[in-house]
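Colleague: Could you take me through one part of this model at close range? I would like to see the residues themselves as well as the setting they sit in.

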Amino acid sequence: MSSIPLPPEDRALSPYTGWTRAHWEAVADGLLTAALRHAGPEHALIPLPGPRPSISGTRSDALEGFARTFLLAAFRVAGAGGDDPHGFLQRYTEGLAAGTRTPTTDRDLTPRDPVSWLVIGDRNQAMVEAASIALALRITRPWLWDRLDEQVRERTRAWLTGALHHTPVDNNWWLFPLTVGGFLADIAADQDGAARDAVGRGLAKIEQWYLGDGWYTDGRPRAFDHYNGWAFHLYPSLHAHLNGDTRLLDVHGPRLAAHLDGYAHTFGADGSPMHQGRSLTYRFAATAPLWAGALTGHTPLTPGATRRVASGVLRHFVDHGALDEDGLLTLGWHGPHLPLVQEYSGPASPYWASKGFLGLLLPSGHPAWTAVEEPAPVERADAVVPLPRPGWLIQSTAADGIVRLHNHGSDDQPADHVQPDNPLYARLAHSTATGPAFDDTPDNHVGVLVDGELSERGRIRPLGAGDGWAASAHRPRIRGAELPGVTVTSVVLASGVDEVHAHLVTGAGPGTEVRHSGWAAAGTAVEERTDGLSARVVAATADGTRLLSSLENVHGFTAVGTHTLPTGTAYGTVGAVPALRGRTGGGDSLFVAAARLTGAGVGAEPQPDAALHVRVEGTRIRVRRTDGIELEALLAPEAVTVTVRTAR
């Protein structure tokens with residue numbers, strides 16, 4: 001639980017979370033107060049404590065501390081109409097004056113210079129932080145920028161202008177010069193047109209990555225994650241809104257709404273966002289696109305549903321230990337968990353979560369704050385939602401509030417070479433109740449064994465997603481090399497809490513071992529059981545709930561077991577994974593497994609019994625759902641045909 005003092009719950013206004021705007025303001029104040037205790041001389045840099053620095057150096061990390069908390073302060077003060085009883089903006093005003101005095105290229109803080117900001121350069125972290133500073137200045141302009149000393153304004157303009165004349169990383173980073181350019185143009189500091197050009201370049205660049213239906217890929221051919229919401233949709237729509245640019249908003253507003261139509265289904269009833277992709281330590285930044293939809297009027301969600309989902313996320317992390325005993329956000333998920341943290345993240349990186357407070361820009365009388373909370377999508381009914389652009393199938397169950405993401409399209413692989421599988425992208429599935437295992441035994445994975453080594457998925461080729469199904473193919477890789485002539489064609493058929501996974505292995509020699517693993521259940525303790533050709537893992541969590549991961553052979557597998565995860569996952573210190581094993585025959589070999597991930601309340605036992613009827617005929621799988629609908633999947637090498645019809 002958090003040490004931040006919170007107001008009483010309001011279950012009349014917020015029957016699901018109990019939280020109101022006052023809770024958001026209290027958390028913002030608590031986060032800022034805790035971080036500002038670590039401010040350096042003249043408040044120019046905020047070097048936060050942490051287990052390790054980022055690869056960008058300690059000066060860059062301290063600039064992150066300033067920039068990202070400044071954005072939080074800006075949302076807090078601008079949302080209060082300039083009211084700033086804690087004096088937050090005064091400290092950032094002092095920091096602007098000191099940090100821009102003598103910018104430096106020295107990446108690390110030294111006793112000789114604990115004040116100067118890092119100069120913006122090609123593909124350096126200062127460009128990222130410039131965007132947060134520019135956005136903060138833009139939304140607090142009447143109370144900060146317009147009152148600054150002219151010399152400080154000139155130095156700040158000069159420092160920010162560096163973002164317009166250097167090259168960003170070729171992905172969502174193009175939106176950082178756009179954001180800086182938007183502010184500089186807003187204050188009439190664009191004499192040479194560089195700010196206008198930066199906005200135009202950024203918008204043009206991301207256009208090549210827009211695939212439709214509200215989904216962008218992040219620079220690489222198939223890189224889908226939370227950056228869709230907290231970058232690709234947030235920056236253009238917010239720029240258009242602040243600029244009063246209705247033509248631009250007419251383009252990016254509908255895209256945002258289309259994205260939210262699927263994205264809103266990825267939040268668990270307990271408030272957990274989907275645990276997939278990089279930068280998960282940004283936590284409640286996942287709410288930024290929800291608030292952007294409400295702010296711009298481009299959202300499929302009602303005001304009450306918007307706040308219910310967003311407040312659920314904020315409360316989830318506050319209640320689950322995201323803040324340490326000093327009130328600082330940690331590098332991790334619920335608490336510290338370095339395995340999921342990328343090398344570019346340092347102690348202040350989690351404060352990208354400040355974007356989640358965008359909703360404070362909505363007036364206190366806005367329906368998003370005054371409407372009674374309504375159920376989140378996961379709470380309304382069981383659902384299976386296909387998202388063909390990223391190649392995902394979203395499966396949610398109302399009884400336990402868990403959302404599962406079946407991944408048949410996102411691999412985060414570069415265009416020109418294939419890297420080792422990233423557990424946060426390469427898994428067959430992700431969820432709001434589990435994290436991937438970073439140990440030697442991968443969860444939610446299918447692979448072949450060659451000389452004792454398990455293959456990776458590598459590049460994933462999506463084969464489609466539709467009503468209750470998603471499919472893909474990949475060419476297994478070991479030590480970076482494709483296995484000659486071997487392909488794995490996969491499909492998932494889902495309904496309610498049940499999943500059926502089928503894999504057609506072609507080109508592998510007779511007797512090649514094939515492994516399929518299930519969900520990694522983790523908590524404070526786990527029980528592992530096997531029975532015939534089925535395995536189950538039951539994890540007990542700190543709040544007394546239980547989580548079941550089960551896996552059962554349907555066809556082709558001949559052995560079963562469980563694998564203990566000695567370091568657990570982001571959801572628990574101990575964990576385990578069920579897994580099935582089988583061997584290929586003389587030709588194409590089909591393997592089919594039934595899986596479940598389900599939760600139960602305090603003292604209850606999750607129900608492991610399958611509710612689907614499954615038949616296998618050659619390479620054809622028929623699954624009859626409880627609603628009488630039958631899914632038929634016919635697998636061929638690198639091709640899957642799925643038919644949906646009413647069962648006879």
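**A close look at the nonpolar core**

Among contacts in the protein between residues at least 6 apart in sequence, 66% join residues at least 24 apart.

Colleague: Which residues touch the most other members of the largest nonpolar core?

Modeller: Happy to walk you through it, with the reminder that this is a predicted model. The largest nonpolar core has 139 residues, and Ile-133, Leu-160 and Phe-357 are the ones that touch the most other members. Let us stay with Ile-133 for a moment. Setting aside neighbours within four places in sequence, Ile-133 is in contact with Leu-63, Phe-66, Ala-67 and Phe-70, and also with Leu-96, Trp-117, Trp-159 and Leu-160. Leu-160 thus appears twice, as a contact of Ile-133 and as one of the three residues that touch the most other core members. There is also a second, separate core of 19 residues, with Leu-493, Ala-502, Leu-504 and Ala-633 among them. As a general background, nonpolar side chains in soluble globular proteins tend to be buried together.

Now step back to the whole chain around these cores. The protein contains 13 helices and 26 strands, and buried residues account for 61% of its 648 residues. Its radius of gyration is 25 Å, which agrees with the value near 26 Å for a compact globule of 648 residues. Along the principal axes, the C-alpha atoms fill a box of roughly 80 × 55 × 50 Å. On the outside, the accessible surface comes to about 22200 Å², and carbon and sulfur atoms hold 50% of that. As for charge, there are 55 positive and 70 negative side chains, and the centres of the two sets lie 3 Å apart.

Two further residues are worth finding in your viewer. His-474 belongs to strand β10, which covers residues 469-474. His-474 counts as buried because its relative accessible area is 4%, under the 20% limit. Leaving out residues up to four places away in sequence, His-474 touches Val-446, Glu-456, Arg-457, Arg-459, Thr-487 and Val-488.

Arg-389 sits instead in the loop between β3 (383-387) and β4 (392-397). With a relative accessible area of 36%, Arg-389 is partly exposed. Its contacts, again not counting residues up to four places away in sequence, are Leu-211, Gly-212, Asp-213, Trp-215, Arg-222 and Phe-224. Gly-212 is 177 residues from Arg-389 along the chain, yet their C-alpha atoms are separated by 7.1 Å.

How values were computed. Residues are numbered from 1 along each chain as its sequence is written. Side-chain values use heavy atoms; hydrogens and water are left out. Helices (H or I, at least four residues) and strands (E, at least two) are DSSP runs, numbered from the N terminus. The radius of gyration is taken over C-alpha atoms; the globule rule is 2.2 Å times the number of residues to the power 0.38. Buried means under 20% relative accessible area, exposed over 50%, partly exposed in between (1.4 Å probe, protein chains only). Contact means heavy atoms within 4.5 Å. Accessible areas come from the Shrake-Rupley method with a 1.4 Å probe; for residues, only the protein chains shown count as cover. Lys and Arg count as positive and Asp and Glu as negative; His and the chain ends are not counted. The place of a charge is taken as NZ of Lys, CZ of Arg, CG of Asp or CD of Glu. A nonpolar core is a set of buried Ala, Val, Leu, Ile, Met, Phe, Trp, Tyr and Cys residues joined through side-chain atoms within 4.5 Å.
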